[in-house]
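Biologist: I would like a close look at one part of this model, taken slowly and with its surroundings. Please start from a single side chain and work outwards from there.

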Amino acid sequence: MALNDEEQLKKFAQSLQKESKRLGSLVIRIIELSRIQSGDLAGDVAVLDLGNIIAEAVDANVVLADRAGVKLSFEAEPGVLVEGDGELITMAIKNLIENAIIYSEANSQVGVGLKVEGDFAEVTVIDNGMGIPVDQQERIFERFYRVDPSRSRDTGGTGLGLAIVKHAANNHGGEVTVFSRVGLGSTFTLKLPIYKQTEEGADQ
């Protein structure tokens, strides 16, 4: 590369900036995952309106969706309360939405919903993307595992987003599941225990 070639220097600088941003994101995700795996919820536990948490996670992904040409929609059953670490739950839902956007094509839609089923709140994130082969669906929650590594590199993905979701769900007494078909998209469901209170005011 010629040092006096301004165009080449510009491309090189942009490449360094992109790689620096990707590595920075990777470090942050590793720290986040380490915190979650340690079960560090002490001092951060509160009763949360899950609809507000989801709205915050949706807002955090608006810019990414606009850049990808993906429409975001959100519908929620009102007054759904859960108990836990708001930061971690927001992070988990944000990661699910981010992943759905990354693996969706332009001019498609990602839908986010919230409802109550029995004793659990169910947050669903639905996309019309590439889908996940059946033989890979059990592995997508592993650290650094990617269905399409090339797409993740292009978008700055770290392969840790779904691992963070899984551990956040487990730490809150919930779970995350996926239903997907290749070419037809995916539905991720995050289940969290709803917050209950007795008439006397004691927690259940």
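Modeller: In this predicted model, the backbone nitrogen of I132 lies 2.8 Å from a polar atom of the side chain of S180, and the backbone oxygen of G185 lies 3.1 Å from a polar atom of that S180 side chain. S180 belongs to strand β6, and with a relative accessible area of 6% it falls under the 20% limit and therefore counts as buried. If residues up to four places away in sequence are set aside, the residues that S180 touches are G131, I132, Q137, G185 and S186, so that I132 and G185 appear both in this list and in the polar pairs just described.

The strand that carries S180 continues into a hairpin, which β6 forms with β7 with three residues between the two strands. In the turn of that hairpin, G183 has a positive phi of about 85°. The two strands pair in the antiparallel sense, and seven bridges hold this pairing; within it, E175 stands opposite K191 in β7. Helix α6, made of residues 161-171, lies across both β6 and β7 (185-193), and runs at about 140° to β6.

On to the next pairing: β7 is also joined to strand β5 (residues 120-127), again in the antiparallel sense and over seven bridges. Here K191 in β7 has E122 opposite, so K191 stands across from E122 as well as from E175. T124 is likewise part of β5, and its relative accessibility of 18% places it among the buried residues, because the limit is 20%. Leaving out neighbours within four places in sequence, T124 is in contact with F188 and T189, and also with G111, V112 and G113.

These pairings belong to an open sheet of five strands, in the order β2-β4-β5-β7-β6, and the pairing across the sheet is mixed. The strands at the edges are β2 (71-76) and β6 (175-181), each of which has a single partner strand, so one side of each is left without a neighbour in the sheet. On average, neighbouring strands of the sheet are turned by 15° against each other, with direction ignored. At the β2 edge, six bridges join β2 to strand β4 (residues 109-117), and these two strands run parallel; S73 stands opposite G111 in β4, and G111 is also one of the residues in contact with T124.

A further packing in the chain involves helices. Helix α2 (residues 50-60) packs against helix α4 (residues 86-102) at an angle of about 50°, with the two axes 9 Å apart, and the two helices are therefore oblique to each other. The crossing in which α2 passes α4 is right-handed. On the α2 side the contact is made by L50, I53, I54, E56, A57, V58 and A60, and on the α4 side by G86, I89, T90, I93, K94 and I97.

For the chain as a whole, there are six helices and seven strands, which follow one another along the sequence in the pattern α-β-α-α-β-β-α-β-β-α-α-β-β. Of its 204 residues, 41% count as buried, S180 and T124 among them. Among the contacts in the chain with a separation of 6 or more, 71% are between residues 24 or more positions apart.

Notes: Residues numbered from 1 in each chain as written. Predicted model: local features only at pLDDT ≥ 70, side-chain atom pairs only at ≥ 80, totals over all residues. Heavy atoms only, no water. Pairing = 2+ DSSP bridges. Helix = DSSP H or I, 4+ residues; strand = E, 2+ residues; numbered from the N terminus. Axes fitted to C-alpha atoms, helices over the stretch in contact; angles between N-to-C directions. Contact = heavy atoms within 4.5 Å. Buried < 20%, exposed > 50% of the residue type's maximum accessible area, 1.4 Å probe, protein only. Polar contact = N/O pair within 3.5 Å; in protein donor to acceptor, adjacent residues only side chain to side chain. Parallel < 35°, antiparallel > 145°, perpendicular 65-115°, else oblique. Left-handed = near helix turned anticlockwise from the far one by under 90°.
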